[in-house]
Amino acid sequence: MIVVLSKDISSHDKEMLCIYLRDRGFNIREQNFGEDAILGASGKGVVDIRELGLLPGVERVAATSKPYELASRETKTEDTIVTVGQVKIGGSRISVIAGPCAVESREQIMETAARVRESGAVMLRGGAYKPRTSPYAFQGLGMQGLEYMKAAGEANNMPIVTEVVSPELAVQMKDLTDMFQIGARNMQNFELLKKVGSLGKPVLLKRGPSATIEEWLLSAEYLLASGTRDVVLCERGIRTCETYTRNTLDISAIPVVKGLSHLPVIVDPSHAVGIRAKVSPAALAAVAAGADGLTVEVHPRPDEALSDGPQSLYPEQFEKLMRDIEALAPVVGKELLRIPRYSMPGYAAPAGSGSLLRVTDSAPAEAAMDLPAAYCGENGAYTEQALNRIFGEDAPRLQVDSFRGIFDAVLGGSASAGVVPVENSLTGSIHENYDLFLRYPDIAIVGELKLRVVHCLIAHERADIDSLRIVRSHPQGFAQCREFLEKYPEWVQEPCTTTATAVVSIAREGAIRVAAIASEAAAKAHGLKVLREGIETNPLNYTRFVIISRRCGGRNGDGCADRCGDTAPVPPSLGSGQPNKASLVFSVPDEPGSLFACLKIMSERGLNLSKLESRPIQGKPWEYLFYVDVSIPQAGELFDKVLDELKGKTVDFYHLGSYRAML
Ligand code: PEP
Ligand code: MN
């Protein structure tokens, strides 16, 4: 039983409360949990919960039906997000930890760290103390190994996680590791759990090979009850009758545990299957089942590995897996977490976001950290969801009332970046927003995000589908749910500025004959009910958002890198690694072969065209602008040359930006 204390409880009331509970047979432990100060009461005591709830200084009493209380979703309904350095685990992100089974040498861990970082891993794993089944097998390099690992983490801007095998070592390792791992074999080593929990650092708790879900959660309870708030659960396969694989990955444990507990759940497919070729499919299955992340063994030369070589991925296989995860994540409403590879001087992530934004030398880092990202729409708008994915749920934000307002906020300096929808996979380009780029030449695209759109029919708590008369949404919302709406020809369709505006109007009016088409998040944000979920005609419904930022003062030469020239955007930039995509808009002379001449340049320079669209030029009947997206195999000077060549063949030419593409 958990007694949540009111914020202003006096020490006298607290003392009386403890006496009250002890007299009734409870053991009491006081601690902080999230924002709350709580008393954990365990033991065989009996108490009248209503009477307890009325005592002075008691905010509420949570009597869970589960033996684990701090870990239970009944005690805390919202997802816990665990922070390790700049990495967050939980919520809408997929965080991937990678590295070798064991640290074998300084060179090996340095090389592996750099390779997995290059592919997008955000944390480094590796054992310095290895609890091996055989006493004759490699036992790890101990403290020396941990020193190597710390250096490799620092060199690659990755927090590290490593296994701790005894309470004494936990104390010695505390300042060298960012997160402790409790290995499967030690899941029920209660003295170890109590010691590690008391140190207050984040902990990755692996499931024991023969542990039930309840036993696993009770081990998490030990950690939480001992003082840490940051526990990540890791499913790593259990022992079953099957012997083909090393263990059996308990995929169903992922949704089960996510229902029972608020703690993030990640999966270790390497120890689960033990066979290199089966690791990636199992990893993708885990993501599809709702895992918040993965921990994957990778070795540059698995044949030479001192432990678990047969299950370690080659770096190239890991790179492929990361790309597959990136493509799969939006299907389950998540985003692969990416973190900038290097923290460059003058570059900083916005406060608390763990995000990808960098700021220019020309803007002081501290100022940029305080500047919000601008978006248009009410709470729960798809654009807000995109913003959360890009910058983090707690990133500062500026709500404006039109898409143009986003451009104004970024240009005027009241926002460091903006999030703008430009294209939907079913209904095509959002021309209104593309046109804004031509009117704001000092704004550039610095990144993109593809968000899966799941539309819901949303209405007042008391509404039912048969009595609806009006449906409100953004026109794209109607277009994307055409087949569903055809079943209700009597409904009057009322267009709104955004899908979330439609939800807000219903919440404000309290109307019960009106419904909105919008996201589940919007329904939640405004206290409305979801009548139907997933009503979009085609489930492969994605909206592409671009992240915009102000170009540097390069147009006038102030504070600008030499290469910036007239059109090249400078950071903020998104994603790790070099830009690999560019968006261009141009018109061509009215003569035979003029568009062909441009396409020929792209073809000869190896630029893969991913989008080509023509749009009428406002005020010039029968003249067109071409909107082009290309992949750029090599950014930098080579691509600048291509831009110059293209400029020579075009009339108007706009380089909207070069950025890191999502798949
Ligand atoms: C490990 O992750 O290195 C490990 C030994 O895993 P487990 O404890 O799950 O066997
Ligand atoms: Mn291993």
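What follows is a short working chat about a predicted model.

User: What are the ground rules here?
Analyst: This is a predicted model: local features need pLDDT of at least 70, side-chain atom pairs count only at pLDDT 80 or more, and totals for chains, interfaces and linings use all residues. Residues are numbered from 1 along each chain as its sequence is written, chains are lettered from A and ligands numbered from 1 in the order in which they are written, and side-chain values use heavy atoms, with hydrogens and water left out.

User: Which protein donors does the manganese ion (ligand 2) have?
Analyst: C101 (SG), H271 (NE2), E297 (OE) and D308 (OD), lying 2.0 to 2.4 Å from the ion. Donors are N, O and S atoms within 2.8 Å of the metal (3.2 Å for Na, K and Ca); water is not among the atoms, so sites may look incomplete.

User: What spacing do the donors follow along the chain?
Analyst: C-x169-H-x25-E-x10-D. C101 sits in the loop between β7 (93-99) and α3 (106-119), and E297 in strand β14 (residues 293-297), so the pair ties together parts 196 residues apart in sequence. Helices (H or I, at least four residues) and strands (E, at least two) are DSSP runs, numbered from the N terminus.

User: Is C101 buried or exposed?
Analyst: C101 is buried, and E297 is too. Buried means under 20% relative accessible area, exposed over 50%, partly exposed in between (1.4 Å probe, protein chains only).

User: New topic. Which residues of helix α20 are buried?
Analyst: In α20 (residues 594-604), they are S594, C598, I601 and M602. Down the axis they fall within an arc of 100°, so they line one face of the helix. That arc uses the directions from the helix axis to the C-beta atoms.

User: What do the buried residues of α20 pack against?
Analyst: β27 (581-586), β28 (608-617), β29 (620-631) and α21 (637-649). Contact means heavy atoms within 4.5 Å.

User: And which exposed residues are on the face turned away?
Analyst: F596, S603 and E604. Just after α20, G606 takes a positive phi of about 75°.

User: Where is T80?
Analyst: In the loop between β4 (58-62) and β5 (82-84). T80 counts as buried, at 8% relative accessibility.

User: Which side chain makes a polar contact with T80?
Analyst: That of K76, at 2.5 Å. A polar contact is a pair of N or O atoms within 3.5 Å; within protein, one must be able to donate a hydrogen and the other to accept it, and residues adjacent in sequence count only if both atoms are side-chain atoms.
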